[in-house]
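Colleague: I would like a close look at one part of this model, the protein surface around one DNA strand. Please set out the overall picture too, with the cut-offs.

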Protein chains: 2
Amino acid sequence: MNKVMFNLKNEKIPRATITRLALYVQQLEALEQKGEKVISSEKLAQECGVNPSQIRKDLAYFGEFGVRGVGYYIYELKEAIKKSLGLDRVWNVVLVGVGNLGRALLRHNVLRKRGFVIVGAFDCDPFKIGEEVAGLEVFCSSTLPDKIQELNAEIGIITTPPERAQRAANYLIKGGIKGIVNFAPTRISAPENIVVEYVDFINHLFSTAFQISLNQSKGLYI
Amino acid sequence: MNKVMFNLKNEKIPRATITRLALYVQQLEALEQKGEKVISSEKLAQECGVNPSQIRKDLAYFGEFGVRGVGYYIYELKEAIKKSLGLDRVWNVVLVGVGNLGRALLRHNVLRKRGFVIVGAFDCDPFKIGEEVAGLEVFCSSTLPDKIQELNAEIGIITTPPERAQRAANYLIKGGIKGIVNFAPTRISAPENIVVEYVDFINHLFSTAFQISLNQSKGLYI
DNA sequence: ATGATAGTGTGAAATTTTTAACAAATACTT
DNA sequence: AAGTATTTGTTAAAAATTTCACACTATCAT
C-alpha cells in the first residue's frame, strides 16, 4: 500500500513527508502573499499544525535550505521544495471521464496554478464526445493511446464511474502514461513502473463521521 | 496533525486504520456485488493491496468478526465495520461554496450512496443565491447558523476559495456543526471538539509527479 | 472419528516515523 | 571583539505502526 520512495541519495522517503512538503509549499505561498520574507521551522510548524523537528527532518531528505540562527527564506525554500518534488516545470495531464467531477476538475484553475495543465479530455459516452468543456474538445477514450503521445501527456486523471476505471487505465497505460491519479472509488492494476495514486474523499467523510461518533460517546456535544 | 482516535476500550486507533477500514468496506461491497459470500484476510488483503495481518489487526480494534478456518462473511463484516465507524445511519451534510467543485459534489450520488445526504447548499455570491442545484436552493452563507439547526446537519463541507474558507468555517461553527471537511487548500482553525478533515487532491498530483521524477532519474521509462 | 487443511486472533519482533536534545552556525548587542 | 540570542541540521531516544509467527478453531475428506 505505502509505496516507498527514495531521494537521490537513495534514502527512503516516507510518503507522509511528501504530503507534508506539499502542505509546506501551500503555507509558504500564503506567507509570501502576506509579504513575509523569512520564517522559522517553529512558526511554520505552527501554521501547518506539525512538529518543528518534523519540518527540519522532512527538509533534510533533500538538502539544507535554512540558515542557522535565522530561519528559512520563504521564496527560496518554496522553490527548493518544488524543485525537489519535480514541480519546477509544467506537467501535461489528460483526464478520462467527463462527468460531474471531471468537469469540475477541468474548470478548476488550481491545477493549472500548480503546474498541472489538462491538455486533453476523454469519455466513452457518444453524447459527450465532441462537446467542449473548459476550452477542450472531448475525445473518444479509445483514441487515448495515440493522443497521449501527440499531447505529450505524462499523467492521467481518471474520473470515470468505478466500473469503467480499469478500462480507462488500460488506455492510459497503452498510451505510455507514467502516472495515474484515480478518483474512481476502486483499485486499478497497472505495471510496476507506473505510479498510481488514489484520491478518495469519501474516506474523509467516513473519518469525520467516526470521530464525531466517538466525541458523541464521550458526551462532548451536550 | 494526526489526531489520535480511540475506540470504546479506549485504545488508540491509528488514523491509517480508519482509512483502510473505509477501503475494506469499498472492496467488500464490490465482492458482494459479484455474489461472493466469504473472504479470507489474505484474499481481501490482495484486493486492497495491504498485508493480511494488517487487516486482522485493524479489525481487532473493534471486535472479532471472522471465523477461524473459514474467513469473514462478507455482508456481516461490511455491516460490522460500518457500524464500528458510525456509518450505520444517515448523516446530514451542508455544503458551503457552490463553485465547480461544490456543484460536482452536490450532483455526485456517491455521497448519498454512502449515507451522507447534502441537505443544504450555501454561497455568499448574490448571483448564486436562489439558484437551484441538484434539487437544492442555494442560500446565503450568513443564514448558516440558523439553517444548520433547522436542517439538523452535523457535517459541513467547505468548497469555497481558500480566502473564504475560514469565514465559512466560522458560520458552520456558529451553527453548532460537529465536523468539517475542508476541500479548500488552506488550514482552518476551529475549537478542539470540532472534527476537521482536509481533502487536498493536489497532494496526490504532487506525489505522482515526484514519483515519476524519481522513476525517470532511475531511467525507468527509456 | 481422525487427520489434514485453511484461516483467524494476538503477543512479540521488526520497522518506520516522530519527537527530543544538542552541537554548530549566524546575527545582534554592547 | 566577545558574549548572548536564535535557530538550523542531525543524532539519539521514544512512540507508533506494521509484519511475523504461531496457538487455536473450524471445515472437509477419508
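Modeller: The accessible surface of chain A comes to about 10600 Å² (Shrake-Rupley method, 1.4 Å probe; for residues, only the protein chains shown count as cover). Carbon and sulfur atoms hold 49% of that surface.

This is a predicted model, in which local features need pLDDT of at least 70, side-chain atom pairs count only at pLDDT 80 or more, and totals for chains, interfaces and linings use all residues. Residues are numbered from 1 along each chain as its sequence is written, chains are lettered from A and ligands numbered from 1 in the order in which they are written, and side-chain values use heavy atoms, with hydrogens and water left out.

Some background on chain A. It has 9 helices and 11 strands. These are DSSP runs numbered from the N terminus, with helices as H or I of at least four residues and strands as E of at least two. The C-alpha atoms fill a box of roughly 60 × 50 × 35 Å along the principal axes. Of the 222 residues, 50% are buried (under 20% relative accessible area, 1.4 Å probe, protein chains only).

Now DNA strand D. There are 26 residues around this strand (a heavy atom within 4 Å of it). S41(A), R56(A), G69(A), Y72(A) and R20(B) come nearest. Of the atoms of DNA strand D within 4 Å of the protein, 73% belong to sugar and phosphate.

Backbone atoms take part here. A polar backbone atom of S41(A) is 2.6 Å from a phosphate oxygen of DNA strand D. For F65(A), a polar backbone atom is 3.2 Å from a phosphate oxygen of the strand. In chain B, a polar backbone atom of R68(B) is 3.1 Å from a sugar or linking oxygen. The elements giving two or more residues to this surface are α3 (52-60) of chain A, and α1 (15-33) and α3 (52-60) of chain B. α3(B) supplies the largest share, 4 residues.

Back to S41(A). It lies in helix α2 (residues 41-48) of chain A. Its relative accessible area is 9%, so S41(A) counts as buried. Its side chain makes a polar contact with the side chain of R56(A) at 2.9 Å. Such a contact is a pair of N or O atoms within 3.5 Å; within protein, one must be able to donate a hydrogen and the other to accept it, and residues adjacent in sequence count only if both atoms are side-chain atoms. Leaving out residues up to four places away in sequence, S41(A) touches P52(A), I55(A), R56(A) and Y72(A) (heavy atoms within 4.5 Å).
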